[in-house]
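Can you walk me through this structure? I'm new to it and would like to take it one question at a time.

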Amino acid sequence: MFVRSDVAPPDLTGSVEIRALAFDAVTNGPLSLGGLWHLTSENDGFGGYSALVSLGEDMFLAGSDAGRVLLLTRPDREGPAPEVSGFTGFSNDGWIRIDLESIVRDPQTGRFWSGIEGSNHIVRFNPDRTWSAAFKPPAMQDWANNSGAEAMVRLADGRIIVIAEEDRGDARHEALLFEGDPVRGAVPAGFTLIGERGYNPAEATLLPDGRVLVILRAFELGLPPYFSVKLATFDPQDIRDGEAIALQPLSDLGRPFPQENFEGAVVTQEAGGDWAIWLISDDNFSKLQRTLLMRLDWPEAAR
């Protein structure tokens, strides 16, 4: 007979530290490295961030592989300290996973939608982050469990695009355009995004001019292994049901850019018409990886 101590409950009280890192000036395409911050915490709810969305007023929300969120002020501005929190009523009950791979938000109503890896559901949350509804679109039934609804973007008119990570061959990735709320059973238009061999979509976000920015990520073998990231764009006005769109290369974030597993993205408009692209990395809850927040500057003159 073995006597075992009770497993301690998770500690969700620990604070989050954000430390600015020094970096060399580096540019690729129109983008230059404008800021780099390392986020650390002993909080058991911290880490694994695969999605990033703006809450307005210089606030971001990052969603994690464990179904939790991090609320943080963009680190180049003054504001509330980071807070580890979550979505109320969201749990793994056997038919849906809690791996938040993508999150979008309606700035008018405050509602959220999230793409869930492992079950390919889309979940809707109320503005106070309480559970609202969930639905597995029939068009996503055959998407891979671990490389399905990886990227999601909400267009300015309310339409929602969901992009599969899985490569169907020749760097082709299935994507869906929902005219209405995906959890209400709206039938989407299906199209294909053509990217680059070896790189798969990890996230997407809306640019201020209406184009969609896509993170393309590759896993590179090495000592140690690392992730390589490229950015590309497409115009949603080019979407036609059953047709393909070739992604337009924007920037290669290879060395000397930080080589981390960047999976979340959001874009902010800056003074003077410049844009800032913010990327957050997923540390996979591994001590060998880091949670980094990186700012990339895109000057108006370079567009």
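Here is a short chat about one residue, the pockets and the cores.

User: Before we start, what kind of model is this?

Analyst: Residues are numbered from 1 along each chain as its sequence is written, and side-chain values use heavy atoms, with hydrogens and water left out. Local features need pLDDT of at least 70, side-chain atom pairs count only at pLDDT 80 or more, and totals for chains, interfaces and linings use all residues, as this is a predicted model.

User: Is Val84 buried or exposed?

Analyst: Val84 sits in strand S7 (residues 83–86); strands here are DSSP runs (E, at least two residues), numbered from the N terminus. Buried means under 20% relative accessible area, with a 1.4 Å probe and protein chains only. Val84 comes out at 13%, so the word for it is buried.

User: Which residues is Val84 in contact with, leaving aside its neighbours within four places in sequence?

Analyst: Contact means heavy atoms within 4.5 Å. With those neighbours left out, the list for Val84 is Val16, Asn43, Gly45, Phe46, Arg68, Val69 and Leu70.

User: What is the volume of the largest pocket?

Analyst: A pocket is an open set of points on a 1 Å grid over the protein atoms alone, where a 1.4 Å probe fits, with protein on both sides within 12 Å along at least five of seven lines; lining residues have an atom within 4 Å of a point. The largest pocket is lined by 25 residues, with Ser54, Arg105, Arg154, Thr205 and Leu206 nearest its centre. That lining divides into 17 nonpolar, five polar and three charged. Its volume, the space filled by probe spheres set on the points, is about 520 Å³.

User: Which strand gives the largest share of the lining of the second largest pocket?

Analyst: The second largest pocket holds about 390 Å³ of space. Of its 16 lining residues, Ser41, Phe46, Asp283, Ser286 and Lys287 are the closest to its centre. The largest share, four residues, comes from strand S3 (residues 31–41).

User: Which strand gives the most to the largest nonpolar core?

Analyst: A nonpolar core is a set of buried Ala, Val, Leu, Ile, Met, Phe, Trp, Tyr and Cys residues joined through side-chain atoms within 4.5 Å. The largest one has 24 residues, and Met294 and Leu296 are among those that touch the most other members. S3 and strand S22 (275–281) are among the strands that each supply at least two residues of this core. The most, four residues, comes from S23.

Notes. Buried means under 20% relative accessible area, exposed over 50%, partly exposed in between (1.4 Å probe, protein chains only). Ala, Val, Leu, Ile, Met, Phe, Trp, Tyr, Cys and Pro count as nonpolar, Asp, Glu, Lys and Arg as charged, and the others, Gly among them, as polar.
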